[in-house]
Amino acid sequence: MKTIIYWFRNDLRLVDNPGFAQACGDADYLLPVVIHDPQTMGLTEWGFERVGRHRQQFRNESIGDLKRQLQQANTDLCELHGKPADVLLKLAKTLGDIVVYCEQIEAPEEKSQIEAIRSLAITVREFWQSSMLDPVDLPFDLERMPDIFTSFRQSIEAAKLKYALPKGVPKHVPDLPKEMCGVAQHNAEFINAVAVDFEGGESKANLHIDQYFSRRLPDSYKQTRNQLMGKDYSSKFSPWLALGCCSARSIASRLEAYEQQYGANDGTYWLWFELLWRDYFEFLPFKYGTRLFHAQGLSTKPINPTDLRLLNQWTNGQTPEAFINAGMKELSETGFLSNRMRQIVSSYWIYNMGGDWRAGAAWFESKLIDYDVYSNQGNWLYIAGRGTDPRGGRPFNVAKQAREYDPDGVYLRKWL
């Protein structure tokens, strides 16, 4: 009898989860688990929490929602605490011969977790399932993918690729192993840190996606995506995408159906375009590996030293620039920030305050409920001029940005 442990990582959903579906098809007994790794919950080298309260709560909500869905499928979700290798070794001793199925994540820390598990002679099957496009469909090998996004996009469009077809929910979920029946639990702590307009979980993701398309908001996406305030100025899919509460493929499929019903336009194209940017950042680690996570990134430029006094000014919104302070206040109070403000405050930290880009990236990792290892690293490397962009960095003129995106000072007054 084959016992499979399905380890949910950043794929907290049942719809379009190929790894979980495969586990359901292969297993006689299936144990769904989530693992809380204490290594991800400590302090950064700059002294702040690696995972802040908004991120914690959004993940806890998402896990709770996943547990309820599994219970409706007559199984359960087991929450475990510890290093993944230690946790799974203990399960192997309890359950006997096991196989672990899980999502593939191409980032150093997540890859080292898999290596540690395999070193214990535990079999692991990984499934790549977070991108909109399937790597096997691409018109190039990922190890030789174009460095420049425009060339990447043009290759995709020339091959007439849009997205990989999403999969449905498994028709049957195998029983829990007898040894684990009755021990699954959900003990997440809720910490009164509600992020504006966001609640975690696949159910909430589906509600948000439904209302977004039913209100025909894709039509205005290109015109509004750089705004700073409001629920509808951008899609707001990112918090649920970051934890895999919904899949990029499912959104792209929904977008195509929308275009067939209402017609394609600049807004619908630009929504797909931004999902493609997300894929681009996800695929880069296949080409450059850990180099993307080195202090210098892909460049040879020296690293800016970190003045903790200046870092505290930036993170606490106490810089000489009111516009920057407003953005940093919003980030701390809500766990979210518009894409435009992310670029502006990142640029200010690197170029105006002379800060280490890694400290800024770590602050975003701590605060953003839509933190995603690929997009966060990719965007900070892009702004800092340490990634694949040939222009060598993206400094922003703060005064010009404020005049263009907050001409009446509405955003400034709201957060200051």
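In the next few minutes I will describe a sheet and a pair of helices in this structure, which is a predicted model.

Let me begin with the sheet, which is open and has five strands in the order 3-2-1-4-5, with parallel pairing. If you follow that order from one end to the other, you will find strand 3, residues 78-81, and strand 5, residues 123-127, at the edges, where each of them pairs on one side only. From one strand to the next, the twist averages 30°.

Staying with strand 3, we can look at how it is joined to strand 2, residues 29-36: the two run parallel, and four bridges join them. To give you one residue pair to look for, His36 has His81 in strand 3 as its bridge partner.

Turning towards the other edge, helix 4, residues 108-118, lies across strand 1 (3-8), strand 4 (98-103) and strand 5, and its direction is at about 155° to that of strand 5.

Now to the pair of helices, which are helix 9, residues 248-262, and helix 10, residues 266-288; they pack at an angle of about 165°, and their axes are 10 Å apart. Because angles over 145 degrees count as roughly antiparallel, helix 9 is roughly antiparallel to helix 10. The crossing of helix 9 past helix 10 is left-handed.

Which residues make this contact? From helix 9 they are Ala248, Ile251, Ala252, Leu255, Tyr258 and Glu259, and from helix 10 they are Thr268, Tyr269, Leu271, Trp272, Leu275 and Arg278. Sorted by class, the contact has nine nonpolar residues, one polar residue and two charged residues.

Definitions and conventions. Residues numbered from 1 in each chain as written. Predicted model: local features only at pLDDT ≥ 70, side-chain atom pairs only at ≥ 80, totals over all residues. Heavy atoms only, no water. Axes fitted to C-alpha atoms, helices over the stretch in contact; angles between N-to-C directions. Parallel < 35°, antiparallel > 145°, perpendicular 65-115°, else oblique. Left-handed = near helix turned anticlockwise from the far one by under 90°. Contact = heavy atoms within 4.5 Å. Nonpolar A, V, L, I, M, F, W, Y, C, P; charged D, E, K, R; others polar. Pairing = 2+ DSSP bridges.
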